[in-house]
There are 2 protein chains.
Amino acid sequence: MTEIPDQDIEASITADDVAALAGVSRWTVARAFKKDASISRKSRDKVMAAAEKLGYAPDLLAASLASDRSNLVALITNDFNNPHKLVLLERLTRTLWSHGWGTLLVHMSDSDDASAALLAASQRRVDAAVMMGTRFDDKVLETALGARRVKKLVIFARYSPNPNTLTISCDDVLAMREISDHLLTKSIRRPHYIAGPNTQSAKLQRKESFARYWAEATGAEVPVTYTSGYDFNAAIEAVMQIFGETPREVWPDALVCENDILAIGAMDALRYRFGLDVPRDVAVTGFDDIPLAASPAYNLTTYRQPITEMCLKLLEILDSKRSDSVFVPGRFVTRTSS
Amino acid sequence: MTEIPDQDIEASITADDVAALAGVSRWTVARAFKKDASISRKSRDKVMAAAEKLGYAPDLLAASLASDRSNLVALITNDFNNPHKLVLLERLTRTLWSHGWGTLLVHMSDSDDASAALLAASQRRVDAAVMMGTRFDDKVLETALGARRVKKLVIFARYSPNPNTLTISCDDVLAMREISDHLLTKSIRRPHYIAGPNTQSAKLQRKESFARYWAEATGAEVPVTYTSGYDFNAAIEAVMQIFGETPREVWPDALVCENDILAIGAMDALRYRFGLDVPRDVAVTGFDDIPLAASPAYNLTTYRQPITEMCLKLLEILDSKRSDSVFVPGRFVTRTSS
DNA sequence: AAGGAATTTGCTCGCGGGTGCAAATTATTC
DNA sequence: GAATAATTTGCACCCGCGAGCAAATTCCTT
């Protein structure tokens, strides 16, 4: 009979050690740790007792290598200015984790392309890569996908028509129709759309949707200003430009912002640079419903993305129960900024 | 001569394939990809050419298994309400990534303890675990460390006296002295400290430091209110309590907040619930210098953590060039809220 | 050109556990 | 109780690469 070493000696405990202690084979130990494996009640108990005694936990690295399944998902993102990212991150990690998935966070700096991030992910054998509300270039993506195999590539909270890609996103079209209808009931005449940087791909569909509905309803075109980034300073600049360079008579009476952080910057600019009142002089709407949107300082009318549902859809994709893009309706949140 | 398979056939390319194409052994391929390995210029070129042709990239999983070094760091956190977390996350991932470290993000829900997170991390063989600005229980930590070996455990942007642990943190003591001095020059008489939840361990040293300096300078004690969490609603409640339950004559003339998100909530409460002016009626200071602190709406006086330096210290620890705790001075940022 | 040092290359063995099948055990039927 | 079916267990082989040493090659020196 082999000596079982004291449990705190440097060497780590493997399935073999547990097997020896439990008096079974290594493979029985593996089965004990596997959901619905073919194993008798008795041996499982024996194994579990031995495992607990030794403080054994399966090595996920070795398991991934052997099984070609890592239970790892790469979360790729590049825009860390938006507090909404934090919400997405939190929900994604929590949901995935509670379903047995680990998350590898890959920060893709704006300058470099997606390939490096995807390559790094694939080198760790992730089962899927999730581009999280991230702008990226479709062409780069194409080549990256060609060269390096990432089993599944999901675009989360954003939209890409790339056929090698799955989109999970809020239903922007529906959302903008609601915002549009809302502004109409508030007798808005001249809305102005404030969009993030104008990128080639992986965009949101908010601007187009809003413009289309507004044109359908009123026949008027919606002017658009693109900011230099998704942060409130960029929004302040945009508002300075819009209101600074046009005569007061043609000032917009509503700012429809692509997301909350732009909306908050816009509100600050309106109030502190132009002394305007929101919503009396200008109404403002956002998108995402970040925590700050509910603060008494902003009370922002916005649209909440259905993150929980979106996470569930992601799980379905990971479990291969789904393989098509999906657009989930969110919820319009009316507050006093409009 | 072996047939080289077309590069896009399902099977993934291993070092063996590259070796065959380059006409060298598998180990030479490995050396070509290793910094300062003993290999001739000629073979390295041959290997690299072959690798590029096949689209080969080393499998990091297999490498970790074989070498007992994963180049993976677990980032463990649990408080996703604070936008400052996003800054920390961004910096950490980016710094680590650019130095060859992958980051495993582990979300530790407030309810459960650190053990589960640490266990999960160790199962993936992380080289180190970083608790990121996270409250946790020291006792749990102790047992978790005993049972499961995580090679290095770093407490980042927080402090723990646990000897199995390394702390990398902003120098809170210095910081609070500066804030304290600043308030004295502004003739503040009755500061009130707003702290986050009162936890057992892994706390910040801000409250004690401020109270101590203030007492040294004025002989007065600083009253403290603990919020129920690090979000601005909790701060609003705290302010409601402080100002709602005491007569106007003894209202504080400054709110020293443990971080920016509390400070912002406090300012909102002062302005919108009590109609007070900041800083004329009450001065407010924060900590962290989150992006919003610079917005025209808040213009918050705060203290910026030296995140860049802290990340560099972390790298030193990962590379085993350092094995002691370190407290880095940050920078006091004066704005108009005080 | 020979001898030795320095450099480069190849190889055995192992990291820890999964797959899929064959052997062994247990349960079921008549 | 024997024969068969169902369940449980054991095993050879593999996943892709690294440590460390031995063999082979190259470079220097005299």
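Which helices of chain A and chain B each supply at least two residues of the surface near DNA strand C? In this predicted model, they are α2 (26-32) and α4 (60-67) of chain A together with α2 (26-32) and α4 (60-67) of chain B. Here a helix is a DSSP run of H or I with at least four residues, a strand is a run of E with at least two, and both are numbered from the N terminus. Residues are numbered from 1 along each chain as its sequence is written, chains are lettered from A and ligands numbered from 1 in the order in which they are written, and side-chain values use heavy atoms, with hydrogens and water left out. Because the model is predicted, local features need pLDDT of at least 70 and side-chain atom pairs count only at pLDDT 80 or more, while totals for chains, interfaces and linings use all residues.

Turning to the DNA, 27 residues surround strand C, and A:Tyr56, B:Ser25, B:Thr28, B:Arg31 and B:Ser43 come nearest; a residue is near the strand if one of its heavy atoms lies within 4 Å of it. The surface is made up of 13 nonpolar, eight polar and six charged residues, where Ala, Val, Leu, Ile, Met, Phe, Trp, Tyr, Cys and Pro count as nonpolar, Asp, Glu, Lys and Arg as charged, and the others, Gly among them, as polar. On the DNA side, 52% of the strand C atoms within 4 Å of the protein belong to sugar or phosphate and the rest to bases. B:Arg31 places a polar side-chain atom 2.7 Å from a base nitrogen of DNA strand C, and A:Trp27 has one 3.2 Å from a base oxygen. The side chain of B:Ser43 has an N or O atom 2.3 Å from a phosphate oxygen of that strand.

The two protein chains also meet each other. In chain A, 56 residues are in contact with 56 residues of chain B, contact being heavy atoms within 4.5 Å. Chain A and chain B bury about 5000 Å² between them, 63% of it on carbon and sulfur atoms; this is the accessible area (1.4 Å probe) lost on being put together, summed over both. Two salt bridges are found across this interface, defined by a side-chain nitrogen of Lys or Arg within 4 Å of a carboxyl oxygen of Asp or Glu. One salt bridge joins the side chains of B:Asp59 and A:Arg125 (2.5 Å, N to O).

Finally, β2(A) and β2 (residues 102-107) of chain B run antiparallel and are joined by three bridges, pairing of strands requiring at least two DSSP bridges. Within this pair, A:Leu104 has B:Leu104 as its bridge partner.

Terms used:
Polar contact = N/O pair within 3.5 Å; in protein donor to acceptor, adjacent residues only side chain to side chain. Buried area = accessible area lost by both parts, 1.4 Å probe.
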